[in-house]
Structure formats: C-alpha cells, structure tokens
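Colleague: I should like to go through this model and ask, at each step, what justifies the terms applied to it. Please begin wherever the assignment can be argued plainly.

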Amino acid sequence: MATVQVSEAEKVYILHGIRDDLRVDGRGCEDYRHMEIETDVVSNTDGSAKVTLGHTAVLVGIKAEIGKPRPLVPNEGYLEFFVDCSANATPEFEGRGGEELGTELSNTLYKVFNNKHSVDLKSLCICPGEHCWVLYVDVLLLQCDGNLYDAISVAIKAALFNTKIPRVHISTDEEGGKEIELSDDPYDCMRLNVENVPCIVTLCKVGHRHVVDATLQEKACSVASLIISVTHKGTVTCTRKVGGGSLDPESIFEMTEAGKRVGKALHAPLMKVLQQEEHLGKKKQKVGFLG
Amino acid sequence: ADSGEGRGHPGQVTSLSQGYMGHGTYVDEDKLTASVAGEVQRVDKLICVRPLKTRFNGEVGDVVVGRITEVQQKRWKVETNSRLDSVLLLSSVNLPGGELRRRSAEDELTMREYLQEGDLISAEVQSVFSDGALSLHTRSLKYGKLGQGVLVQLSPSLIKRQKTHFHNLPCGASIILGNNGFVWLYPTPGQQEEEAGGFYTSLEPVSLSDREVISRLRNCLLALSAHKVLLYDTSVLYCYESSLQHQVKDILKPEVMEEIVMLTQQKLLEQEG
C-alpha cells in the first residue's frame, strides 16, 4: 500500500489525539470518512459500482458467465475474484509492483466469501453438474488513500446489488443434449439477494486504542491491524491480522467487538442508499468519472 | 511589468499583435496561443502564461515547509513539492554552540541527530542552482525543525505572497503558510519555548481545545483549497469563523464545504469593498 513519511513529533501528535478520541480531521475513533457510491458505471458488465472513500477510489465490475460447476458442489455456482492495483493509484504499483498487494486482497476476498450464507450460490445453478453461473468479480484500484479493504467490500456489495443476471431456459433437443436459451427480453433478469453479503472493517491499532478507516498518516503510526468481515446480523465471517507488530489477545477481543458494532451499523444505511438509487431509475444523474 | 492581464486557457489566443513567445505559449498560424491554463503576463513584448497547476518554482526569499528525504555528506535533501529535491547544506543551519562555529568532522557524523529522514523543517530559499534545485537555509531563530502539529499539502498557486508567512491566529493556533503549498498548523508555543529555537521539540501532549482548533483549521484549509480560494491569514480566519456553527468532522461534507466557502467569500468581498 502507498506509504507516507511522518516525523516523530507528528506521530506523537497523532497518538495523543487518538488517545483523546479526536483524530487529526476531527473524527472520532469509529467514524468513517465521507463515502460516495455510484452503481451501473460500466456499461459492458452485468453489474458495477464505484466507491470513493476520502481519496480512495475503487471500481468493481461483475460479469456473469456460464461455466461448469465445481465437482464437490455440483448444484452451486461460484465467484472468482481478481484485484488489479493500477499504476494510477501510486507509482509504487508500476509494472508488477501492485501484484503482491493484488494477490493479498484477492485471497482475503476468497476467505470472506467462502461460506454458504454470504451469497446464495444455489441460485446460481442452471443445470446441476453441468452448467452454472460463474460471477467474475474484478476490482480496480484507482486511487489509494488508506483503507482499501473497506472500500472494496462496500463496492462489491453495491456491485452485487446492481448485478442483473439474464434468465435462462433449459430445453432438451432431439439427441438428448441440453440447450440453453437466453430469454429475448433484455430486462428479464435475475437479481441477487445481497442481504447477507459481509462488509469488511479494518481496525488499526495505534498506541493503546484502535481506529476505523485510518488515513495513510495514521497507518504509518500503527504497527498492526485487524481485518474483520461482518454481516448485517453482526456475524463475523473472516478475521485476519496484518502488519508486523503484535496484538494482545485482550485487545483482539476489544477490536473484534468494535468491528462487529461498526460493521453492523454500516449495512443498514448502505442498503437504504442503494435502494434509493435504484428507485431513481431513469431519473438518476450519472456522475461517472468526471464528477 | 508583472501585471496580470487576465487568464488564459489552452488554445486561447493571447494577442493578435506580434509578441515574443514566452513560457506557456506557442505560435499557431501566426497567432500567439496559450498552451497551459493560467495567468497571462506581459513584460514589454514578451508574453508568457504562468500555469495554475504546477509544481513549486521557488524564488530567493520564499518561505518553505519541507520534509527531509535523505541525509547525505554535509547536506540534507528536502522534499518541497518542486521538480527536484531542495538542498539544505550543513553550513546553512544553526547548530548549538553559536552561529560562528566552524563545522567540524564530528558535526558531519552527527547530522542525523539533528535532522533525520521524515523530519519537517521550515526554511527560506537562499539561492537557486542552475538546474532549478533550491538551496535552503534555516539561519534564523524562526526557522528550523518543526515539532508537534499537522501538515496540509495544497497547491502552491493557492498561497498568497505576503510580507510574513508565520501567523499566530487569534483562535488559538499558529500557522506557517509555506510558498510551496505545504501549510503547517501547530499549537501556539508558550513564552519560554519560543526562545529555545529549533533544537528542542516538546513531546508533551497538546491540550484537547488546541487540538480541536487545529483540526478545524485543517478542514477549513481543505475546504478552501477544494474551491480554489486564495489562502492567506485573513481568508483562513474568516473560514474558521464561518465554520464554527458546524461540527469539525462535518466540515468535509461537500454541502457543508460549499456553504462555508460561500460565507467566507462573501465576508472577503465585504472587507475589500
């Protein structure tokens, strides 16, 4: 991730501020920055979303393709994640520089979604054992200003909400082979239920306290972070610790509780905003990338 | 000779009469056209366009806030948002022991004890090298290593040139408006600390009320910069006063930002009118 240099005195200032629950930009320890979400920004995908959190900008595109289901679970579809750290974000990502971070992010996403409840995979089945929908989730990092995991998870949730998978009919032809027909109506599509899709909350340990949505300066003062993915009911689907420092088991417990609280509170306003945007329909003002 | 003749944007014809092509212009079918967006300046027959979005082009006497990037033999490299890293020579800093002390070999070896990579300093531009790099000096008690505070990085063209760039704002914090766009906010030092110079950085916790003032000023600076308002002590102060009705963390919301900046611009117009 992009790093900034901070002097010792600046670190002390940030540390004391977080201890008193007043961060450099006036936020409390559990406040997010201003977040903007726009769905349906990429026309040649089945679902897309762009999220801006402070200066971090993330673009997610979802394409649904027909594929063969996995042998162990013949009546389920699956998701494939790919994260691309573009050199647009920071010069460190030039060439193959962003590959390591991209792989780390993709692997975390696989872990987060690796359970039966996040996305209803059975609804992605077309013909058990033979055909199923494969959702290719492509994440593109446009700008890096800290807190990538949270922005990516919100963008994925918004893009999944926006995804329209065309309805298919299976018919058997004369020789007994199966034929897949797409319906003629372009608006006849299936939507996904994203109620249980988890959101990731990153908690950075700074001094003796933890902060949500750390800026790059605050990240430079922290030695370890905890990444928790939380559903709207408060269930934790995945936990990961990143960073070179160590975390006390007690503080891990505190941070997990805080993460559950913050994550749970994130889902309701997010769904409300997504549904409001959906209702605007044709009247929606497209902002896109030049706004 | 430096009077601004108005603004130009790329492709705009600056003047039909013959003039000499300066920086930021090109000749297109016998007409002198601007190639960058900025202020048109005319010196006799030389027409140049100074771009608005640019890296810091330092001149002698400018006050800058910079971050040390490297410690080299007898000098430090300082990042000042210019095309090249600026240079701070060992002979251009005040070392303990008096001003006229000869720089010894021991001083060279203990450079890192005074200024390390990542430290922030305030300095003045002493001269400009032939390749455009700036040579800085901190040979005055008001310059030197910076202690606790907040750095805000903005565009250099938004900082107004003034007689002094160090201000103790009445709201309870102090500000250094570096010409290179780096603005440093810090709690106003007490009486005795001012005499210590740049050697001793206090690591005592800053009080909560001072912190709030600094956070509010930081958000106000970002709001003014987002709306391209010229920054100087009066505009920052008016923005601070207009923002008092909102909570500090709300200032960065787009609607609130717009409201505050509009109030500030109104106040500034009233004052000048």
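Modeller: I begin with a single residue pair: Val71(B) has Trp76(B) of β9(B) as its bridge partner. Please bear in mind that this is a predicted model.

Colleague: What makes β8(B) and β9(B) a pair of strands?

Modeller: Pairing requires at least two bridges. Five bridges join β8(B) to β9 (residues 75-79) of chain B, and the two run antiparallel; the requirement of at least two bridges is therefore met. In their hairpin, two residues lie between the strands, and Lys74(B) takes a positive phi near 65 degrees.

Colleague: Which other strand is joined to β8(B), and by how many bridges?

Modeller: Five bridges also join β8(B) to β11 (residues 120-128) of chain B, again with an antiparallel run. Within β11(B), Ser122(B) stands opposite Val65(B).

Colleague: Why are β12 and β14 of chain A called edge strands?

Modeller: The open sheet in question has four strands in the order β12-β11-β13-β14 (chain A), with antiparallel pairing. Its strands β12 (209-212) and β14 (236-242) each have a single partner strand, so one side of each is left without a neighbour in the sheet. The twist from one strand to the next averages 25 degrees.

Colleague: How do you know that β11 and β13 of chain A are paired?

Modeller: Seven bridges connect β11 (residues 199-206) and β13 (residues 224-230) of chain A in the antiparallel sense, and since two would suffice, the pairing follows. Thr202(A), for instance, stands opposite Ile227(A) in β13(A). Helix α2 (residues 99-112) of chain A packs on this sheet, touching β11, β13 and β14 of chain A, and its direction makes about 150 degrees with that of β14(A). Helix α3 (residues 148-162) of chain A touches β11, β13 and β14 of chain A as well, with its direction at about 170 degrees to that of β11(A).

Colleague: What is the strand order of the open sheet of four strands in chain B, and which strands are at its edges?

Modeller: The order is β14-β17-β16-β15 (chain B), with antiparallel pairing. Strands β14 (150-153) and β15 (166-168) of chain B are the edges, each pairing on one side only. Neighbouring strands here are turned by 20 degrees against each other on average, direction ignored. Between β16 (residues 173-177) and β17 (residues 182-187) of chain B there are five bridges, and Ser174(B) has Tyr186(B) as its bridge partner. Helix α3 (residues 208-226) of chain B lies across β14, β16 and β17 of chain B, at about 165 degrees to β17(B).

Colleague: Why is the contact of Lys249(B) with Asp31(A) called a salt bridge?

Modeller: The closest N and O atoms of Lys249(B) and Asp31(A) are 2.9 Å apart. The cut-off is 4 Å between a side-chain nitrogen of Lys or Arg and a carboxyl oxygen of Asp or Glu, so the pair qualifies. Two salt bridges are found across the interface of chain B and chain A, together with eight residue pairs in polar contact.

Colleague: Which elements of chain B supply the side that touches chain A?

Modeller: β8 (63-72), β14 and α3 of chain B each supply at least two residues, and α3(B) gives the most, with seven. That side divides into 13 nonpolar, six polar and eight charged residues.

Colleague: How much area do chain B and chain A bury between them?

Modeller: They bury about 1,900 Å², 58% of it on carbon and sulfur atoms. Arg67(B), Arg211(B) and Lys249(B) supply 27% of the area that chain B buries against chain A, more than any other three residues.

Conventions: Residues numbered from 1 in each chain as written. Chains lettered and ligands numbered in written order. Predicted model: local features only at pLDDT ≥ 70, side-chain atom pairs only at ≥ 80, totals over all residues. Heavy atoms only, no water. Axes fitted to C-alpha atoms, helices over the stretch in contact; angles between N-to-C directions. Contact = heavy atoms within 4.5 Å. Buried area = accessible area lost by both parts, 1.4 Å probe. Polar contact = N/O pair within 3.5 Å; in protein donor to acceptor, adjacent residues only side chain to side chain. Nonpolar A, V, L, I, M, F, W, Y, C, P; charged D, E, K, R; others polar.
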